[in-house]
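Grab your viewer and work through a few exercises on the model below. Try each task yourself before you read its solution.

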Amino acid sequence: MENLFAYGTLKDKEIQERVFGRVLKGTPDKLIGYAVKGIPIEEEFGIIQYPIIAETQNPEDSIDGICYQLSERDLELADKYEGMHYKRIQVQLHSSETVWVYSAAL
């Protein structure tokens with residue numbers, strides 16, 4: 001099993017149902033030294049701002065989210081959902097868990 005930290009749309013139960021075929025159970029946690037910014041992504045009906053993490057290295061900055069345990073297959077489904085504008089990176093949460101999280105693909 002792999003750990004995935006969700007801070008945006010992957011926390012939404014309807015999105016989880018659509019992506020994974022079920023609602024996920026997770027544990028609240030924090031990502032320290034990061035802030036949520038916006039990334040413009042062109043969609044069918046125009047440009048939409050989506051959340052993206054940005055490292056600040058400031059310990060006062062943090063992002064609240066949920067840590068989920070997923071299978072490799074679930075991670076592949078999440079990768080497909082996030083698309084080409086996001087990449088999966090590993091970070092350490094406040095709880096000391098090492099997790100995957102989505103950041104901007106540059």
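What follows is a set of exercises on this predicted model, each with a worked solution.

**Exercise 1. The two sides of α1**

Task: Work out which residues of α1 are buried, and where they sit around the helix axis.

Solution:
- Step 1. Start with the burial cut-off, which is under 20% relative accessible area. In α1 (13-20), the residues Ile15, Gln16, Val19 and Phe20 count as buried.
- Step 2. Look down the axis of α1: these buried residues fall within an arc of 100 degrees, so they line one face of the helix. That fits the usual geometry, since an α-helix has 3.6 residues a turn, so residues three or four places apart point the same way.
- Step 3. Now turn to the face pointing away from the buried side, where you'll find Lys13, Glu14 and Arg18 exposed.
- Step 4. Ask what the buried residues of α1 pack against, and you get β5 (62-70) and α2.
- Step 5. Finish with the ends. At the N-terminal end, Asp12 acts as a cap, with a side-chain oxygen 2.8 Å from the backbone nitrogen of Glu14. Just after α1 comes Gly21, with a positive phi of about 80 degrees.

**Exercise 2. A glutamine in α1**

Task: Is Gln16 buried or exposed, and which residues does it touch?

Solution:
- Step 1. Place it: Gln16 is in helix α1.
- Step 2. Check the accessibility. Gln16 has a relative accessible area of 1%, and the cut-off for burial is under 20%, so Gln16 is buried.
- Step 3. List the contacts, skipping residues up to four places away in sequence: Gln16 touches Leu10, Lys11, Gly21, Arg22, Val23, Leu24 and Tyr68.

**Exercise 3. The two sides of α2**

Task: Do the face analysis again for α2: which residues are buried, and what do they pack against?

Solution:
- Step 1. In α2 (72-82), the buried set is Asp74, Leu75, Ala78 and Glu82.
- Step 2. Around the axis they cover an arc of only 100 degrees, which puts them on the same side of α2.
- Step 3. Flip to the other side of α2, and Arg73 and Lys80 are exposed.
- Step 4. For packing partners, the buried residues of α2 go against β1, α1, β5, β6 and β7.
- Step 5. Just past the helix, Gly83 takes a positive phi of about 75 degrees.

**Exercise 4. An acid and its partner**

Task: Asp74 lies in helix α2. Find the polar contact that joins its side chain to that of Arg22, and describe the surroundings of both residues.

Solution:
- Step 1. Asp74 has a relative accessible area of 8%, so it counts as buried.
- Step 2. Leave out neighbours within four places in sequence, and Asp74 is in contact with Phe20 and Arg22.
- Step 3. Move over to Arg22, in the loop between α1 and β2 (26-32). Arg22 is partly exposed, at 34% relative accessible area.
- Step 4. Apply the same sequence filter to Arg22, and its contacts are Gln16, Glu17, Leu70 and Asp74.
- Step 5. Now the distances. The side chains of Arg22 and Asp74 are joined by a polar contact of 2.7 Å. A polar atom of the Arg22 side chain also lies 3.4 Å from the backbone oxygen of Phe20.

**Exercise 5. Backbone phi in two loops**

Task: Where are Gln57 and Ser96 found, and what is the sign of phi at each?

Solution:
- Step 1. Recall the baseline: most residues other than glycine have a negative phi.
- Step 2. Gln57 is in the loop between β4 and β5. Its phi is positive, about 60 degrees, although Gln57 is not a glycine. At 68% relative accessibility, Gln57 is exposed.
- Step 3. Ser96 is in the loop between β6 (86-92) and β7 (98-104). Ser96 isn't a glycine either, yet its phi is positive, about 80 degrees.

**Exercise 6. The largest pocket**

Task: What is the volume of the largest pocket, and which residues are closest to its centre?

Solution:
- Step 1. The volume comes out at about 300 Å³.
- Step 2. The lining has 21 residues, and those closest to the centre are Thr9, Tyr50, Tyr81, Glu82 and Tyr86.
- Step 3. Sort the lining by class: 13 nonpolar, four polar and four charged.
- Step 4. Trace it back to the fold: β1 (2-6), α1, β3 (34-43), β4 (46-55) and α2 each supply at least two lining residues.

Note on methods:
Residues numbered from 1 in each chain as written. Predicted model: local features only at pLDDT ≥ 70, side-chain atom pairs only at ≥ 80, totals over all residues. Heavy atoms only, no water. 1 Å grid on protein atoms, 1.4 Å probe; cavity = no way out; pocket = protein on both sides within 12 Å on 5 of 7 lines; lining within 4 Å. Points joined across faces, edges and corners; volume = space filled by probe spheres on them. Helix = DSSP H or I, 4+ residues; strand = E, 2+ residues; numbered from the N terminus. Nonpolar A, V, L, I, M, F, W, Y, C, P; charged D, E, K, R; others polar. Buried < 20%, exposed > 50% of the residue type's maximum accessible area, 1.4 Å probe, protein only. Arc of directions from axis to C-beta. Contact = heavy atoms within 4.5 Å. Polar contact = N/O pair within 3.5 Å; in protein donor to acceptor, adjacent residues only side chain to side chain.
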